[in-house]
Amino acid sequence: MTGYVAPLKEMQFALEAVAGLKTLATLPGLEDAQPDLVRAALEEAGKLAADVLAPLQRVGDTSPPRIENGVVRTSPGWIDAYKQYTASGWNGPAFDPDIGGGGLPWAVSTALSEMWGSACLSFSLGPLLTQGAIDLLEAHGKPEQKALYLERMVSGEWTGTMNLTEPQAGSDVGALRTKAVRDGDAYRIFGQKIFISYGDHDMTDNIVHMVLARIEGAPDGIRGVSLFVVPKFLVNADGSLGARNDLRPVSLEHKLGIHGSPTCVMSYGDDEGATGWLVGNENGGIQAMFTMMNNARLGVGLQGLSVAERALQQARSFAAERRQGRDMATGEFNAPIDRHPDVKRMLLVMQAETEAMRALCYWAAARMDEARRSADADRRAAAQRLLDLLIPVVKAYCTDRGMEVASTNVQVHGGMGFIEETGAAQILRDSRIAPIYEGTNGIQAMDLLGRKLVRDNGAAMAELVALMRADLAPLEGGPLADIADAVAQAVDGLEAATAAQLARFAANQAAAAVAAVDFLTLTGRVVSAWLLAKGAASAPAWAGDDVRFADKRVAAARYFAKRMLPPALALAGTMDDEAEAVLAYPLDGA
């Protein structure tokens, strides 16, 4: 299996030329996030990713976790790797220093997380969920909860999880049956949860579970759901660990991919009930959990990028070394296959998709920094509107693209890609979960439609469209005019499609729902093309003497704008026909 090397220069470029790192360093509390410091941090993280985490990729796949005496034992090497990861301070780089964090921008933390996911996706899931749980407690936890848990979770001494899904209640969280019974200041939790990533493991002394349950007497449906913090071991007032709580892993799921990540069936309250404490307000569990879910959705979208980068590196390495056939340009026999036009095309597609995802993920994370840090209330509000709009796009668009890039990697490998030893098949298998968990991509499309577009009648999208046009205007008439013109036409198409989708929703919500996935794909394509054009315009000055680096950025932006945008724009013209066909489709037995 090919190893992993962090694409440091590409990451630095995306942070500085696309996400606007220098501007982020002017925000209160982020003044130390200067390019030189960030570059040094990325270099050190890259060493850990390549030397410590990447070797776990194959190990986790072939030697998955197991349950032993009621405890999940992680794959060989996991414990030592986690200790090195946390000892280096990588578990909470974006959290405030007053709780042990590194005080870096979320955009930089996103770049770091890209490395962890590319090196070993299964390993990276644990820190991802802990990060989301920290974010949740910071926003909704009571002072005593923050005092007990935050510093230990930021340091990585303890990890966190998210417990939503039940056997009868997948995405329909309001159908959950887990119940909470009042017991003084606490609650007793009874129920079963499934698909709980890192629900149990042996890497830390304690695991802090965020559990959705219904308090006795609460309303039915989603309005009666509350959120509880339920630790594996009870925590004494001084932070020391007490008795084992009444919860346990019942089994581990057998999965298509991410074998190294322990996905648990968790049972709460087999005896007297698991002790938990309310987080936020009674019946306000969904609102509180959305803080963690939105954090996780950005993180899962980033996994699409991570998968794509690892697949791209594999494909490039294999295609440069594999010799077969005649070079059509030089006539050389037994040439490296990366000289064959179709293989070269696939490599360019993979690069363009990967760079587009990186630009989108980093730019969205930078809006999170502005929304949380800016001293200007209007700027905070505007950044939050853009972030809210793009969260479902990042999650769904990037995970779909990551899976496609992973599949193309198998194709570049040919028959060898279908053989497990090369590692290409594992990347494809691992990638398949990302469009499913943290809300399927169809749910993300409905979120973009129903919660984001309809909520403000397209106002946030209009702000994004105006921003894209302002950035593209200076490129007209210059060396990148063909790119700018293609992207500008796509922006016009997105604006028209937004108006059409809003009208469709007003007339027939089901028809709008059929078109929702295509609309999200169109949005992701157009925003990505804009960000690539933005980067291409900055590339020559940023790269300096490295002309090849700048040329690759321009080539990717041009290919994306002129080859990959048109099919997406064509989707807008067929949405009504698709809706008509789908709604008329007769189901068997209906």
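Biologist: Which element gives the most residues to the lining of the largest cavity?
Modeller: This is a predicted model, where local features need pLDDT of at least 70 and side-chain atom pairs pLDDT 80 or more, while totals for chains, interfaces and linings use all residues. Residues count from 1 along each chain as its sequence is written, and side-chain values use heavy atoms, leaving out hydrogens and water. Helices here are DSSP runs (H or I, at least four residues), numbered from the N terminus. With seven lining residues, the top giver is α6.

Biologist: How many cavities of 30 Å³ or more are there, and what volume has the largest?
Modeller: A cavity is a set of points on a 1 Å grid over the protein atoms alone where a 1.4 Å probe fits but can't get out; lining residues have an atom within 4 Å of a point. Searching the whole structure turns up six. The largest has a volume (space filled by probe spheres on the joined points) of about 350 Å³.

Biologist: Which residues are closest to the centre of that largest cavity?
Modeller: The lining has 26 residues. α6 (106-119), α7 (121-140), α9 (285-321) and α10 (341-373) each give two or more. Closest to the centre are Ser113, Leu128, Gln131, Gly299 and Leu302.

Biologist: How many charged residues line the largest cavity?
Modeller: Asp, Glu, Lys and Arg count as charged, Ala, Val, Leu, Ile, Met, Phe, Trp, Tyr, Cys and Pro as nonpolar, and the others, Gly among them, as polar. The lining has 15 nonpolar and 11 polar residues, and the charged count is none.

Biologist: And how many charged residues line the second largest cavity?
Modeller: That one holds about 120 Å³ of space, and its 13 lining residues include Glu355 and Arg553, among those nearest its centre. Eight are nonpolar and one is polar, while the charged ones number four.

Technical notes
On a 1 Å grid over the protein atoms alone, a cavity is a set of points where a 1.4 Å probe fits but cannot get out, and a pocket is an open set with protein on both sides within 12 Å along at least five of seven lines; lining residues have an atom within 4 Å of a point.
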